[in-house]
Amino acid sequence: MNHERYSSPLAERYASPAMLSLWSAHTRHGLWRRLWLALAEGERTLGVDISEAAIIEMRAHLDDIDFAKVAEYEKRFRHDVMAHVHAFGEAAPAARGVIHLGATSAFVTDNGDLIQMRRGLELLRARVVSVIQRLAIFAAEWRAEPALGYTHLQAAQLTTVGKRATLWMQDLVLDIAELDHRLATLPLRGVKGTTGTQASFLELFKGDHAKVRELDRLVVHAMGFEQSIPVSGQTYSRKLDAQVLSIVSGIAASAAKFASDIRMLQSFGEIEEPFEKEQIGSSAMAYKRNPMRSERINSLARFVLSLEGNANQTHSVQYFERTLDDSANRRLVIPEAFLATDAILILMENITGGLEVHPARIRARIADELPFMATEKLIVSAVEAGGDRQVAHEVIRRHSIAAARAMKDDGARNDMLARLAADPEFGVPIGNLEATLDAHHFVGRAPEQVDDFLAEVIAPILATGHAAAPAAEIRV
Amino acid sequence: MTVTVGSTSLPLPLVVRGKVRDVYAVGDDRLLLVASDRVSAFDVVMNELVPYKGAVLTQMTAWWLRQLGELVPHHMVSADADEIIALVPALAPHRDTLAGRSMLGLRGQVFPVECVIRGYLSGSALKEYRATGTLAGERLADGLVEADRFDPPVFSPATKAETGHDENITITHVRAQLGEAVAAELEHMSRLIYERGRDVAATRGIIIADTKFEFAQRDGRIILVDEVLTPDSSRFWPADQYQPGRTQPSFDKQPLRDWLDVERRAGRWDGNAPPPSLPPEVVQATSARYLDAFARLTGAPLDTSSLP
């Protein structure tokens with residue numbers, strides 16, 4: 001690492017080796033060479049005079065890119081694609097005269113970008129599945145543990161710890177549906193020529209339209225795609241970038257919602273993100289455990305969310321068949337959106353694999369709120385003990401107000417049940433009241449919803465062969 | 001009195017000091033791996049050293065590599081202290097530290113992947129199965145119980161980032177990072193070695209429930225490196241007590257775990273570092289388990305006569 005120059009924290013600190021490798025110069029220009037090979041092979045198949053030796057030499061030099069040589073050429077030509085054409089030609093001299101035949105720069109740059117984006121979506125998908133797998137284990141373990149629900153960020157009816165995790169999972173399930181749609185339909189730009197009219201190829205094939213169409217098809221299939229975009233200008237519509245970034249930022253948003261919830265739960269003391277044994281929470285306050293991983297997710301997610309609009313803006317200002325003001329912007333926006341989202345999901349994998357739940361704390365917080373929420377059940381218990389419904393309601397109203405006042409003014413715990421039990425007008429012993437207020441009676445179908453959700457929605461996602469690695473926990 | 005070793009200080013460049021092993025560079029081309037007698041349980045490293053543990057791990061790896069020699073290329077040059085000293089004379093004054101516990105190996109470019117392979121339903125795999133009935137991208141048969149056997153075994157690579165947070169990876173990432181061909185070869189070799197190891201161990205009364213391998217690239221070949229099919233890199237279960245449907249006892253660490261469990265239940269230990277001091281009989285029982293595992297597996301007791 002060079003400490004004298006700026007380097008991207010996404011590359012130095014946050015993103016995974018696989019994602020960094022995907023957006024590397026080596027991968028990008030290796031794809032260019034594969035595209036040139038596919039083009040030459042297609043042209044040869046369709047009768048263009050290209051020697052077998054040219055194809056063999058090209059195929060033998062797909063990855064040994066001499067970047068120093070490329071830099072020399074680029075200094076002379078001020079054109080990166082032509083610099084690579086010449087460097088490739090030097091490595092495969094038999095092909096020198098036919099590399100890039102009939103093509104425009106966007107043939108390699110646009111097709112290469114689309115391939116990188118599709119692979120990037122596949123990498124993100126694998127990580128999303130891996131997060132879902134961890135959350136599934138978590139949800140199953142805590143399926144029936146009652147917890148305060150919150151609406152308006154105020155305590156509301158109970159839910160369970162596991163049920164809440166299904167909400168986080170469902171967001172990711174929705175993201176996967178979008179991912180799968182995009183992976184299935186993302187086209188290549190294909191073989192379209194300078195303004196997208198395929199004029200140069202029509203000339204190459206002496207007016208044979210069928211051969212031009214066939215070349216497009218051959219190249220697209222050779223690169224592992226099903227389809228090329230039906231029509232293009234010089235470039236594919238930048239709307240595709242915006243659609244891809246919408247999915248990527250959608251994942252970031254799902255992660256950010258999760259991370260915000262974890263930060264609040266950690267603030268409440270209910271659930272904490274993992275904390276390494278030697279981690280330092282605060283340089284000054286030694287006892288502190290800060291939810292720094294969740295905070296980092298939110299930090300990176302805001303960055304990714306800001307990029308989504310950027311891609312739509314680039315699309316909106318492309319004039320006619322293309323303008324070059326997309327180029328520098330896309331070079332930053334697309335890789336960084338993928339790298340940052342990759343980093344977000346690595347953090348989310350780590351957090352979801354090591355969440356620490358504090359049931360005693362969760363129960364204590366329930367105990368402070370539940371008596372207020374249980375008015376109806378308390379009335380029934382009073383009536384069952386021979387009381388009058390109207391009297392019971394009034395007694396509960398009085399004691400609720402008093403208990404709430406004591407909590408707010410004196411910082412007391414909620415002693416409403418004790419007040420009721422001590423009130424002869426109510427006439428139910430404390431033991432019966434506590435049994436009535438067993439939190440498990442207030443969670444509705446939450447545990448069963450968790451079971452159904454895991455079996456019906458999650459199991460099919462985890463069983464599609466897109467393996468997510470179970471955590472390595474073999475060392476004991 | 002047996003010599004136990006906690007951490008070492010040899011006149012060679014230290015490459016990495018692990019939880020239980022120290023690795024030194026020998027020239028550019030080779031590595032010296034020294035297994036200490038440190039032991040961990042429930043993710044905590046104990047204060048006490050377990051006699052012979054380092055020697056058992058190293059000699060067991062050496063034994064396996066000799067068995068597997070025709071199956072896969074590997075890194076071992078020698079696990080004999082005198083041979084190692086003959087090759088690296090600077091180590092002569094440290095024979096007592098090295099004896100039994102050290103292995104000289106070829107150095108390669110280690111793939112950043114732990115090749116985890118599972119033959120039985122246990123650990124985090126069990127948790128996933130209980131939640132959704134799936135594992136590593138497949139839906140497993142209904143009705144499996146803890147410790148049931150899989151056929152074929154399940155390959156689920158993982159890695160840990162070098163700094164900061166752990167990073168678990170998926171097969172998709174292994175392919176993206178190392179290429180389809182290397183990823184497929186790592187899986188193939190892992191399956192081959194594990195299945196051979198599982199079958200051999202089964203005839204000796206030991207179930208190897210799961211394990212992890214590391215591989216390196218050297219001169220264009222993939223070689224097996226690091227420790228191989230030891231109790232520290234695998235789950236060893238005693239076959240005669242195997243009973244699906246419950247947590248299996250650990251062949252090597254059960255006396256230690258049982259004792260720590262009692263301490264935990266009695267509220268004398270919270271499960272985190274620092275660990276409680278182990279009584280000598282627990283340390284001895286653990287040592288005996290390691291020696292027993294070695295003797296059963298290899299058919300002969302560890303030769304302790306040449307150890308200090």
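Here a trainee and a mentor talk through some features of a predicted model.

Trainee: In what order do the strands of the open sheet in chain B stand?

Mentor: Read across the sheet rather than along the chain. The five strands are ordered E1-E2-E3-E7-E6 in chain B, and their pairing is antiparallel.

Trainee: Which strands stand at the edges?

Mentor: Look for strands with a single partner. In chain B these are E1 (14-17) and E6 (76-78), so each has one side without a neighbour in the sheet. From one strand to the next, the twist averages 25 degrees.

Trainee: How many bridges join E1(B) to E2 of chain B?

Mentor: Three bridges link E1(B) with E2 (residues 21-26) of chain B, and the two run antiparallel. Within E2(B), B:Val23 is the bridge partner of B:Val16.

Trainee: Where does helix H1 of chain B lie?

Mentor: H1 (residues 53-68) lies across E3 (30-35), E6 and E7 (102-106) of chain B, and runs at about 40 degrees to E7(B).

Trainee: Which residues does the cis peptide bond join?

Mentor: Check the omega angle. It is about -5 degrees for the bond between B:Asp151 and B:Pro152. B:Pro152 belongs to strand E12 (residues 149-155) of chain B.

Trainee: And is B:Ala147 buried or exposed?

Mentor: Count its neighbours: 20 or more other C-beta atoms within 10 Å make a residue buried. B:Ala147 has 20, so it is buried. Its phi is positive, near 75 degrees, though it is a residue other than glycine. You will find B:Ala147 in the loop between E11 (138-139) and E12 of chain B.

Technical notes. Residues are numbered from 1 along each chain as its sequence is written. Chains are lettered from A and ligands numbered from 1 in the order in which they are written. This is a predicted model: local features need pLDDT of at least 70, side-chain atom pairs count only at pLDDT 80 or more; totals for chains, interfaces and linings use all residues. Two strands pair if DSSP finds at least two bridges between them. Helices (H or I, at least four residues) and strands (E, at least two) are DSSP runs, numbered from the N terminus. Axes are lines fitted to C-alpha atoms, for helices over the stretch in contact, and angles run from 0 to 180 degrees between N-to-C directions. Two residues are in contact if their C-beta atoms, placed from the backbone, lie within 7 Å. A residue is buried if 20 or more other C-beta atoms lie within 10 Å of its own, exposed if 12 or fewer, and partly exposed in between; C-beta atoms are placed from the backbone.
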